[in-house]
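Trainee: Before I rely on the terms used for this protein, I should like to see how each one is justified. Could we go through them in turn?

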Amino acid sequence: MMKTTDFRKSTVYQIYPKSFYDSNGDGLGDLRGVIRKLDYIQELGVDYIWMTPFFVSPQNDNGYDVEDYYNIDPRYGTMEDVEELIREADKRGIRLMFDMVFNHVSSRHEWFQKAMEGDPYYKDFFFFKKGKKNGEPPTNWESKFGGSAWEYVEKFDEYYLHLFDVTQPDLNWDNENVRKEVQKVVLFWMGKGVKGFRFDVVNLISKDRFEDDYEGDGRRFYTDGPNIHKYLKELHDMTFGTDTEIITVGEMSSTSMENCFRYAGADTGELSMVFSFHHLKVDFMGNEKWVLVPADFGKLKQILFDWQTGMEQHNAWNAVFWCNHDQPRVVSRFGDEGRYWKESAKMLGTIIHMLRGTPYVYQGEEIGMTNAKFTDITQYRDVESINHYRILQDKGLSASDAFRIIQVHSRDNGRTPMQWDDTPNAGFTDGTTEPWIGVTPNYTEINAKQQLEDEDSIFHYYQKLIRIRKELDVVAYGDITPLAQEHPSVFAYKRHYQNENMIVVNNFYGKETEWKTDMDLTGYQCILGNYKDAAMPETGKWTLRPYESMIWYKK
């Protein structure tokens, strides 16, 4: 398959190494496991592999608490394994994208250890502040994982800021020495041949307003802060901006589109593209994740289309996705795990892959993996889920109601082992050691081996979506026009570039629906669909079967 260095024609495959493939039988996925599965990833046709962190870490937040940016956690392998992975991927035309966590470090990082010893140079790497006169923390901000965002240190009679776990102290980017250390890390990995970087919650790195928040949890005082663009531009100019082959993506927490015009503008000199998450809050209540409410389809369409058209108007670029290691499985969330499992998974893939933006496929998404199906809280490993199971009960919910919410929203839904085949433990490990987290029970029906053998599989459908982006310029470079915006079931849009036109039509639900349109469809051909016999409407009225998805193309 044709390979490309143009990120607009590229597709990125995300690997969560801990859950991908265990090569040494210890129950944990590892780097050699990724090397062994490179042929599978090559067959899918992607251009980049984004690896979530495998650096030395106490693993309180599954590697997003980095103790040492320059060394590999022994549970994942060695530096030699990383170097071999980069080489072997390159042989297959695949580049590596590494995950950089620079908003915070592990409390076991040397910088924080020296700060806790009282070294003033390193104390200024973090936010140590006096509490209020009444003995309360400096602000009332809440940690993303629950509880206060401040931890008291008796030795200093001060608190340090941790927007995430208590073992993840936030770095002070206003300190130039911090920024220089971060640049060194990026340059080190560039020297190893890494051609992509994903920056974790990077829009939280500029903080200067330490005030109580009487309207929310504090995020409005530290999100998209005053120096954020300056710091990203500096990082770009000093590191990855010196290599035109490198692509970058920023994870933007609770961001605004206006800021993203600059983060991912073609000429702003910051990042190649951004992840935004507003479309994945349509089954929340406001910003509250730990509730059970139906997904708001109208809102989902509006958010995705607003970001598509807004970013296009400002010549800025989206990363487009449904799944990652922090999200439930999309076929469980917005599709159908039962009768229309295959159709709904393909439909959801079509929506994302034909949009304007670089698509990201999360391991297992390409075979339609579902949520975890855990039946007891002891099966969960995610600190956020375990904390909120307790918090929900503290708020008055019964244990069973709290558990139902965890089952739907837990990040562990995306972290169960990759389902390779129907052998014990889904072929993730050799079967002698229990995997670090339980395997989803449906692995005997849903697995990569079965899908590689089935020409009509979700895997082969994703392969075609990835190929279409490479072969047709309209997908990578075309403008986008939303269609059927008021329709209660249809997600449709038009793409146009030079002499190419594409119409993408999807029924988002498991019931047949009709859509009337006066579009002239003369000359269009269906180049991909999730039913074998896609029919063009002759009277301007489409009758769409459950979860039906079609891509119509004209040149």
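Mentor: The discussion below takes up the sheet, an aromatic pair, the cavities and the pockets. Please keep in mind that this is a predicted model.

Trainee: What makes β11 and β12 edge strands?

Mentor: The open sheet has eight strands in the order β11-β10-β9-β5-β2-β1-β13-β12, with parallel pairing. β11 (273-275) and β12 each have a single partner strand, so one side of each is left without a neighbour in the sheet.

Trainee: How do you know that strand β5 and strand β9 are paired?

Mentor: Pairing requires at least two bridges between two strands. Strand β5 (residues 95-100) and strand β9 (residues 196-199) are joined by four bridges in the parallel sense, so the requirement is met. Within this arrangement, Met100 stands opposite Phe199 of β9.

Trainee: Which helix lies across β5, and at what angle to β5 does it run?

Mentor: That is helix α3 (residues 79-91), which lies across both β2 (48-51) and β5 and runs at about 140° to β5.

Trainee: Why is the pair of Phe305 and Phe491 called tilted?

Mentor: A pair of aromatic rings is described by the distance of the centres and the angle of the planes. The centres of the Phe305 and Phe491 rings are 4.9 Å apart, and pairing requires centres within 6.5 Å, so the two rings count as a pair. Their planes stand at 40°; stacked would need under 30 degrees and edge-to-face over 60, so the pair is tilted. The search of the whole structure finds 56 aromatic pairs.

Trainee: What makes this pair a tie between separate parts of the sequence?

Mentor: Phe305 belongs to helix α9 and Phe491 to strand β15 (residues 490-497), so the pair ties together parts that are 186 residues apart in sequence.

Trainee: Why is the space of about 130 Å³ called a cavity?

Mentor: The term applies because a 1.4 Å probe fits at its points but cannot get out. Two cavities of 30 Å³ or more are found in the whole structure, and the largest holds about 130 Å³ of space. The largest cavity is lined by 15 residues, with Ser276, His279, Leu304, Trp307 and Ala319 closest to its centre. Helix α9 (297-313) and strand β12 (319-320) each supply at least two lining residues, and α9 has the largest share, four residues.

Trainee: How do the linings of the two cavities divide by class?

Mentor: The lining of the largest cavity has ten nonpolar, five polar and no charged residues. The second largest cavity, with a volume of about 40 Å³, has five nonpolar, one polar and two charged residues in its lining. Arg329 and Glu365 are among the residues lining this second cavity, and both count as charged because Arg and Glu belong to that class.

Trainee: What is known of the largest pocket and its lining?

Mentor: Its volume is about 1000 Å³. Of its 39 lining residues, Lys144, Arg219, Phe284, Lys289 and Glu384 are the closest to its centre. By class, the lining has ten nonpolar, 13 polar and 16 charged residues. Helix α12 (residues 383-394) provides the largest share, three residues.

Trainee: Which residues lie nearest the centre of the second largest pocket?

Mentor: They are Phe7, Gly265, Ala266, Leu271 and Ser272, from a lining of 29 residues. The second largest pocket contains about 570 Å³ of space, and its lining has eleven nonpolar, ten polar and eight charged residues.

Notes
Residues are numbered from 1 along each chain as its sequence is written. This is a predicted model: local features need pLDDT of at least 70, side-chain atom pairs count only at pLDDT 80 or more; totals for chains, interfaces and linings use all residues. Side-chain values use heavy atoms; hydrogens and water are left out. On a 1 Å grid over the protein atoms alone, a cavity is a set of points where a 1.4 Å probe fits but cannot get out, and a pocket is an open set with protein on both sides within 12 Å along at least five of seven lines; lining residues have an atom within 4 Å of a point. Grid points are joined across faces, edges and corners, and a volume is the space filled by probe spheres set on the points. Contact means heavy atoms within 4.5 Å. Axes are lines fitted to C-alpha atoms, for helices over the stretch in contact, and angles run from 0 to 180 degrees between N-to-C directions. Rings of Phe, Tyr and Trp (its six-membered ring) pair if their centres lie within 6.5 Å; planes under 30 degrees apart count as stacked, over 60 as edge-to-face and the rest as tilted.
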